[in-house]
Amino acid sequence: QSLTDVDARVSVCRACPRLVDWRESVAAGKRKAFLGEPYWGRPVPSLGDEQPRVLVVGLAPAAHGGNRTGRMFTGDRSGDWIHAALYRAGYAARPTSVSAGDGQRLRGVRMVAPVHCAPPDNKPTPAERAACGPWLDRELQLATTVESILVLGGIGWQSLHAAAARVGWALPRPRATFGHGAQTVFTVPGSGADAGSSRTVRVIGSYHVSQQNTFTGRLTEQMLDEVIARL
Ligand code: SF4
């Protein structure tokens, strides 16, 4: 199985009844500004390099962002922030991500999410996070080239730790607490011909690029650039 296979399979998942209803009703209702556009209205697959050096872990697609465009962190203010920051650091071809076909291309980066469907109020329930967990587990198992992970927000931090533990990565004890600039290291055991060896993955936390954080100045461009520079 490849990451492309995972993307195809997740895009048709219907495991969470509340989120299936929500993503489809938002797509049917459309926001006035996007009346003339088709809405994706399905799970949003991961985005980016098939052999990433860096993973970016967010939370879930936005109702009129990823749920509209079908592309992670695309078509809303949060997406504008993270794509612009990745562009400044040389990880993206363009400073914006508007819609499929806009020429955006991530270099060495893959964006993943603990929850692939847009939740009401941007708040997935614990049961929905648990249901979507196996998709993140599979990403970690297949992303064998990853050297570092940027985690946007506390829920992403918790979800990544849980997924890493489930797939057998060794985590420091006690677990590192989330905060902007928090850093920890996971140890990934080798498998197959590499059994007996291991590699490390650096994990860095950042406040989420939500409008709540960027509008209020809790997260500034400089703060985001500084954590990305440490990847
Ligand atoms: Fe499937 Fe995840 Fe969407 Fe639930 S949130 S329906 S598990 S893709």
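How many bridges join β2 to β3, and do these strands run parallel or antiparallel? Four bridges join β2 to β3, and the two strands run parallel. The description below concerns a predicted model.

**Strands around β3**

In the pairing with β2, Val56 stands opposite Met111 of β3. Strand β3 is also joined to β1, and the table sets out both pairings.

| Strand paired with β3 | Bridges | Direction | Residues standing opposite |
|---|---|---|---|
| β1 (residues 47–48) | Two | Antiparallel | Gly48 and Arg110 |
| β2 (54–57) | Four | Parallel | Val56 and Met111 |

In a regular strand, side chains alternate between the two faces of the sheet. Within β3 (residues 109–112), Val109 and Met111 point one way, whereas Arg110 and Val112 point the other way. All four of these residues are buried.

**Helix α6**

Helix α6 comprises 13 residues, from 154 to 166. From its first C-alpha to its last it reaches 18 Å, close to the 18 Å expected at 1.5 Å a residue. Its buried residues are Ile155, Gly156, Trp157, Ser159, Leu160, Ala163 and Ala164. These buried residues of α6 pack against β2, β4 (148–152), β5 (183–189), β6 (198–206) and helix α5. Just after α6, Gly168 adopts a positive phi of about 90°.

**Surroundings of the ligand**

Helix α5 (126–142), against which α6 packs, also contributes to the shell around the ligand. With three residues, α5 gives the most to this shell; α2 (17–29) likewise supplies at least two. The ligand has 14 residues around it, of which Cys13, Cys16, Pro43, Cys117 and Cys132 come nearest. By character, the shell divides into eleven nonpolar residues, one polar and two charged.

Notes
Residues numbered from 1 in each chain as written. Predicted model: local features only at pLDDT ≥ 70, side-chain atom pairs only at ≥ 80, totals over all residues. Near = placed C-beta within 6 Å. Nonpolar A, V, L, I, M, F, W, Y, C, P; charged D, E, K, R; others polar. Expected span 1.5 Å × (residues − 1). Buried ≥ 20, exposed ≤ 12 C-beta atoms within 10 Å, placed from the backbone. Contact = placed C-beta atoms within 7 Å. Pairing = 2+ DSSP bridges.
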